[in-house]
Amino acid sequence: MEIEQKQAQVIEHFVKQASSLQGSSLVGLIVQVTSHSSLFAFSEILAVPSVLELQGTDYAVYIDLLRLFAHGTWSDYKSNASLLPPLTPDQITKLKQLTVLSLAEINKVLSYDQLLEQLDLSNVRELEDFLINECMYAGIVKGKLDHLRRSFEVQFAAGRDLRPGQLGNIIQTLDDWLNTTDNVLLTIEEKIKWADKKCALNTIHQKQKAVKDKVEEVKKSLFNRGGRDFQALDDVLFGETAGLMDYEEDRTRTKRRRSPIY
């Protein structure tokens with residue numbers, strides 16, 4: 001999608017910059033990265049060697065901040081605010097956007113009450129404005145606001161960086177899905193075979209019924225004629241040629257019974 005293509009270009013730009021910087025010079029870059037309006041994935045930047053080297057230095061809190069933006073939420077920041085640098089307004093907006101994406105991974109219908117609590121917003125009007133202006137217009141989510149039911153129905157949400165260990169869970173989920181699909185296919189094949197067999201038996205039954213109905217029709221016809229006109233049975237079952245064959249046979253038998261002429 002367009003947002004993913006644009007984000008890929010931004011990531012490439014920041015990765016190149018981060019690769020050429022070290023130490024304190026990375027602090028400003030990390031602030032830019034976590035404030036950028038088109039960036040919602042940070043794992044590639046986290047993997048840059050010079051960024052990883054911040055661990056254990058006086059600037060380690062900034063790599064912790066970058067990890068928070070990669071995997072955490074606004075609630076996570078509030079719980080660890082004393083251990084992290086203060087956030088700018090743009091960073092706060094970004095982290096709340098990421099929080100919506102995390103919630104959308106779990107549920108496709110998000111209640112207003114949950115969103116108000118998780119985003120630290122005071123009223124529904126403020127929440128709906130945030131969802132429209134900062135999320136839907138930004139292209140990171142698509143959905144329907146239901147003011148009456150006080151909920152947001154998510155139709156699409158951009159993906160976040162995978163958390164450590166999450167890839168294994170995804171692979172297991174896909175394996176389970178494949179196994180379920182195989183079982184469903186086997187069941188469908190068995191149902192198809194059963195349906196084919198049932199159709200064949202039904203066809204035979206219909207043919208047998210047709211023959212039986214015709215026999216009954218002939219019986220009724222003979223009964224109505226007093227049971228004497230058996231020629232009708234031949235006409236109905238075998239057609240007009242049957243009567244002709246009987247006629248020829250009668251002629252032959254008559255000739256055989258003639259007395260010799262002296």
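In which loop is the place of Thr-34? Thr-34 lies in the loop that runs between α2 (25-33) and α3 (43-46). The legends below describe this site and several others in a predicted model.

**Figure 1. Overview of the predicted model.** The protein contains 12 helices and three strands. Of its 262 residues, 29% are buried. Among contacts between residues at least 6 apart in sequence, 54% join residues at least 24 apart. The exposed area of the protein is about 17,700 Å², of which carbon and sulfur atoms supply 55%.

**Figure 2. Surroundings of Thr-34, in the loop between α2 (25-33) and α3 (43-46).** Thr-34 has a relative accessibility of 0% and therefore counts as buried. Its side chain makes a polar contact with the side chain of Gln-91, at 2.7 Å. When residues up to four places away in sequence are set aside, Thr-34 touches Phe-42, Leu-66, Phe-69, Gln-91 and Lys-94. Gln-91 thus appears both as the polar partner of Thr-34 and among the residues that Thr-34 touches.

**Figure 3. The buried residues of helix α2.** Leu-26, Val-27, Leu-29, Ile-30 and Val-33 are the buried residues of α2. Viewed down the axis of α2, these residues fall within an arc of 165 degrees, so they line one face of the helix.

**Figure 4. The salt bridge between Lys-16 and Glu-12 in helix α1.** The closest N and O atoms of Lys-16 and Glu-12 are 3.6 Å apart. The two residues are separated by about one helical turn, because they stand four residues apart in helix α1 (residues 2-19). An α-helix has 3.6 residues a turn, so residues three or four places apart point the same way. Lys-16 counts as exposed, at 56% relative accessibility, whereas Glu-12 counts as partly exposed, at 45%. The protein has six salt bridges in total.

**Figure 5. The salt bridge between Asp-64 and Arg-67 in helix α5.** The side chains of Asp-64 and Arg-67 meet at an N to O distance of 3.4 Å. Because Asp-64 and Arg-67 are three residues apart in helix α5 (residues 60-71), about one helical turn separates them. Asp-64 is partly exposed, with 31% relative accessibility. Arg-67 is also partly exposed, with a relative accessible area of 32%.

**Figure 6. Asp-146, Arg-149 and Arg-150, with the loop between β2 (141-146) and β3 (151-157).** A salt bridge joins the side chains of Asp-146 and Arg-149, with an N to O distance of 3.8 Å. Side chains of opposite charge can pair when their charged atoms come close. Arg-149 counts as exposed, at 71% relative accessibility. Arg-150 is placed in the loop between β2 and β3. Although Arg-150 is not a glycine, its phi is positive, at about 50 degrees. Arg-150 is partly exposed, with a relative accessible area of 36%.

**Figure 7. Asp-120, in the loop between α8 (112-119) and α9 (124-136).** The phi angle of Asp-120 is near 60 degrees, a positive value in a residue other than glycine. With a relative accessible area of 45%, Asp-120 is partly exposed.

**Figure 8. The start of helix α9 and its buried residues.** At the start of α9, a side-chain oxygen of Asn-123 comes to within 3.2 Å of the backbone nitrogen of Arg-125. Within α9, the residues Val-124, Leu-127, Glu-128, Phe-130, Leu-131 and Cys-135 are buried. The buried residues of α9 pack against α7 (89-106), α8, β2 and β3.

**Figure 9. A nonpolar surface patch that includes Leu-185.** Val-184, Leu-185, Ile-188 and Ile-192 make up this patch, which covers about 340 Å². Leu-185 is placed in helix α10 (residues 166-224). Leu-185 is partly exposed, with a relative accessible area of 45%; it qualifies for the patch in part because that value lies over the 30% required of patch residues.

Technical notes: Residues numbered from 1 in each chain as written. Predicted model: local features only at pLDDT ≥ 70, side-chain atom pairs only at ≥ 80, totals over all residues. Heavy atoms only, no water. Buried < 20%, exposed > 50% of the residue type's maximum accessible area, 1.4 Å probe, protein only. Polar contact = N/O pair within 3.5 Å; in protein donor to acceptor, adjacent residues only side chain to side chain. Contact = heavy atoms within 4.5 Å. Salt bridge = Lys/Arg side-chain N within 4 Å of Asp/Glu carboxyl O. Areas by Shrake-Rupley, 256 points an atom, 1.4 Å probe, with all protein chains shown as cover. Arc of directions from axis to C-beta. Patch = residues over 30% accessible without salt bridge, like charges linked within 9 Å, V, L, I, M, F, W, Y side chains within 5 Å.
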